[in-house]
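Good morning, and thank you for coming. Please look at the sequence and the model as they appear, and I shall then take you through a few of their features.

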Amino acid sequence: MTNSALMATYAPPDILFEKGEGAYLFTEDGDKYLDFISGIAVTAFGHNHPHLVTTLKEQAGKYWHTSNMFRVKAGEQLAERLVKHTFADHVFFGNSGAEAVEAGLKMMRRYHFDRGDTERTRIIGMKNAFHGRTIATVAAAGNPAHIKGFFDGDLGCDHVPFGDIEALRAAITDKTAGVILEPIQGEGGILPAPDGYLKAVRDLCDETGILMMVDEIQCGMGRTGKLFAYEWSGIEPDILSSAKGLGGGFPIGACLANDKASACMVVGTHGSTFGGNPLATAVGNAVLDLMLEDGFLDQVRERGQQLKNGLADVADRHPEILGDVQGLGLMLGVKCHVPNTDMLARLRDANLLTGRAGSDILRLLPPLNLTEHHISEALAIIDQVCADWK
Ligand SMILES: *Cc1c(COP(=O)(O)O)cnc(C)c1O
């Protein structure tokens, strides 16, 4: 169907985009699509944002790469800014979400190793989680479909139901190094942690001396209306993985950690050739410029509420097709009583790009700088598609 030279790991529809502008993507034939999935929460400021484009072009005209054999000014600045605005004391840069998670998984083990606790190597993950597609990250998430045929047996991870604090308590042993969870499960179905759960996990980690890592690759970087979603819970993790929106479309990942967790990551423990390169970190700084502007995150919360209310109204008008709306800020999921793949395809035919999550969720991850006009336009399309459903 598509280019047969590519491995068949993806199955995109037969649409070829040529350019993007803000919340819209255009095909070669000039068809216009409203983009409410943002390359899965990546293009946080839509397409072709002037500040991001200018920053990338400027850096491209200076130099692209030296590797971490040499200091990278933009990377030092981006790390400083992330530290300033979060719980973290230090940052490690990679090129993707999976690498950011992987750095955190290694850190959780190395932390105990350095304290002489060499038996504490196991990681507890949550059922229904997603942390990327490397061997370690699929092991941490434990999704059998992602593991099948790649390894069997034990890769040092245990899994408990998301939101069940007693199950977590029971799973922690003297072999446990740390816990990893998404404050809002993304791929799993836009499922926010129950109220008080992150706090309870934090307390349990402190009680047992293990580390707490949050994977905010999807729910972080302004997506919920706070810079990072853990801020809603009033706790601070030890480690956090970020990627997706951090680069606004340019590949970058970051593993943030407090002093306690990161002290073990000394020279020679970890590395990446491309991680933290000048292009990626220059764009990361430009993303932060926009995100940290006064009132920007307030606006994300406001638009998120408008979209959520609007979706609930549409669902009320078509209860046989749509159900509950869940999520926070501009990370929203709508339960589908029809196959979510059909819903996604029909919306796409009506020029609205969305995603799916879990088994029955329609996933909406619009650009964070969208306007009320974009929300009305998307709601009208969803309403019409539901009205025309046969
Ligand atoms: C997308 C995602 C990842 C993986 O990121 P990649 O850049 O694809 O490696 C990990 N965790 C979460 C929560 C994600 O949404």
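Helices are DSSP runs of H or I with at least four residues, and they are numbered from the N terminus. One of them is helix H5, residues 135-141, and Ile-135 lies in it.

The model is a predicted one: local features need pLDDT of at least 70, side-chain atom pairs count only at pLDDT 80 or more, and totals for chains, interfaces and linings use all residues. Residues are numbered from 1 along each chain as its sequence is written, and side-chain values use heavy atoms, with hydrogens and water left out.

Let us turn to the ligand. Which residues surround the ligand? They are Ser-96, Gly-97, Ala-98, Phe-130, His-131, Gly-132, Glu-182, Asp-215, Ile-217, Gln-218 and Lys-244, where a residue is near if one of its heavy atoms lies within 4 Å.

Next come polar contacts, that is, pairs of N or O atoms within 3.5 Å. A polar backbone atom of Gly-97 is 2.8 Å from a ligand oxygen. A ligand nitrogen lies 3.3 Å from a backbone N or O atom of Phe-130. For Asp-215, a polar side-chain atom is 2.7 Å from a nitrogen of the ligand.

Finally, I return to Ile-135 and add Asn-309, which is placed in helix H11, residues 296-317. Is Ile-135 buried or exposed? Ile-135 is partly exposed, because its relative accessible area is 42%, and buried means under 20%, exposed over 50%, and partly exposed in between, with a 1.4 Å probe and protein chains only. Asn-309 is also partly exposed, with a relative accessible area of 42%.

Key. A polar contact is a pair of N or O atoms within 3.5 Å; within protein, one must be able to donate a hydrogen and the other to accept it, and residues adjacent in sequence count only if both atoms are side-chain atoms. Helices (H or I, at least four residues) and strands (E, at least two) are DSSP runs, numbered from the N terminus.
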